[in-house]
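Q: I would like a close look at a single part of this model, with its surroundings described in one connected account. Please keep to what can be read from the coordinates.

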Amino acid sequence: MNISTFAAANKLVTGRDSLQQLPEEMARLGVQRPLIVTDKILIQAGVVAQVEELLPMKAGIFSDVNPEPEIEIVDQCVQLIREGNYDGLIAVGGGSAIDIAKAASVMATNEGNIELYFGTNLVKQPGLPLIAIPTTAGTGSEVTNISILSDTREQVKKGIVSPYLLPNVAIVSPIMTLTCPPSVTAASGVDALVHAVEAYISKFASPVTDALAIGAMKLIAVHLPKAYACPDNIEAREAMITASLMAGLAFGNAGVGAVHALAYPLGGRFHMAHGVSNSLLLPYVMKWNKIACLEKLRDVAVALGENVDGKNADQAAEAAIEAMTRLCRYVEIPQSLREFNIPESAVVEMAEEAMKQTRLLKNNPRTLRKKDIEDIYRAAY
């Protein structure tokens, strides 16, 4: 049967002044004791204060979120929720803060250890009300039904996938991204590109996700270099957070593939930032995928601004890959695993771990064997 479904946050609030809607959404959800889930850098930058100033009540703050967040951080957040009798969460940050808040929201209302819920559709009860306010333009976590966490004991990343993880409200304002440093702007921006490209070539893509993915690619190609070069360019910031949202809606429904599967071991074992690992691996995985999705990569090339007139399918697909590579160079994304001192001796074990990411690999247009994954990693050195 040919059936597509589409899921997103219950309500999207967008625009430069969208943060002003926060008090109304809090009242609508009946939240009286909110807990802000964020990180210390955003507190120091004054970003969290912008949220606090709008609240009619004093909010608690959980600020122990870090990049590539560990399972233990969710446990700490849930403990604070229970001790403080908080009845709703406001996630302020990038994908890490939002993923922690999503997981903590459902763990506060579901019994047992978090390990019980890694997998798909294992969460039994809705979580606490959650409002997600992204401060980076990349992860799209504000509109997806997944939370990715690092298992430090097994050195792998694990995911909870459930419709109960979808935020009640996503408030998406470019103003909240203005303090984002260039390196994070670059990594998160290319991460959004990865989401759009992988969603577009996914086996589970639909006309709806295709339109969102192509639209996101067009915005990223034009505006990511501008946002990187001039951080206070509000037009570029608005275009990028819109692209991130669109890419999030696309991959949240079509799925992502081998880029993410191969990136997970880099984060789990070597603590490489998610956006950086995705960005680094993108052109290498696309070269491998090329023969399985030539026509779609032609569309990607056009979306990224390439002129493919007179080019055959293979040449157009190569133009797409070159456009991705060039964009990564523009925003100074590292091009090699060697730059991170990751030993080539780790390739076999990383490939074994990547092969376990069946939830992701089933979406990929080309079937990958363990040797194929090893070859992709080696090409990235």
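What follows is a request about one helix and its packing, and then a connected answer.

Q: How do helix 10 and helix 12 pack, which residues of the two helices meet, and where is histidine 271 placed?

A: The model is a predicted one, and the description below starts at the loop before helix 10 and then moves on to the packing of that helix. Histidine 271 lies in the loop that joins helix 9 (258–270) to helix 10 (274–289), and its phi is near 60 degrees, a positive value in a residue other than glycine. Most residues other than glycine have a negative phi. Histidine 271 has a relative accessible area of 58% and is exposed, because the cut-off for that class is over 50%.

Within helix 10, the partner to consider is helix 12, and the two pack with their axes 10 Å apart at an angle of about 170 degrees. Since angles over 145 degrees count as roughly antiparallel, helix 10 and helix 12 are therefore roughly antiparallel to each other. The crossing of helix 10 and helix 12 is left-handed. On the side of helix 10 the contact is made by Ser279, Leu282, Pro283, Met286 and Lys287, which meet Glu318, Ile321, Met324, Thr325 and Cys328 in helix 12. Sorted by class, this contact of helix 10 with helix 12 holds six nonpolar, two polar and two charged residues.

Met286, one of the residues of helix 10 that meet helix 12, also belongs to the largest nonpolar core, which has 88 residues, and is listed with Met217, Leu262, Leu281 and Tyr377 as touching the most other members. Leucine 281 is in contact with Val259, Leu262, Ala263, Leu266, Tyr377 and Ala380, once its neighbours within four places in sequence are left aside. Two of these partners, Leu262 and Tyr377, are in contact with leucine 281 and are also named among the core members that touch the most others. In soluble globular proteins, nonpolar side chains tend to be buried together.

Helix 12 (313–330) leads on to a further loop, and asparagine 341 is found there, between helix 12 and helix 13 (347–355). The phi of asparagine 341 is near 55 degrees, again a positive value in a residue other than glycine. Asparagine 341 is exposed, with a relative accessible area of 69%.

Definitions and conventions
Residues numbered from 1 in each chain as written. Predicted model: local features only at pLDDT ≥ 70, side-chain atom pairs only at ≥ 80, totals over all residues. Heavy atoms only, no water. Helix = DSSP H or I, 4+ residues; strand = E, 2+ residues; numbered from the N terminus. Buried < 20%, exposed > 50% of the residue type's maximum accessible area, 1.4 Å probe, protein only. Core = buried A, V, L, I, M, F, W, Y, C linked by side-chain atoms within 4.5 Å. Contact = heavy atoms within 4.5 Å. Axes fitted to C-alpha atoms, helices over the stretch in contact; angles between N-to-C directions. Parallel < 35°, antiparallel > 145°, perpendicular 65-115°, else oblique. Left-handed = near helix turned anticlockwise from the far one by under 90°. Nonpolar A, V, L, I, M, F, W, Y, C, P; charged D, E, K, R; others polar.
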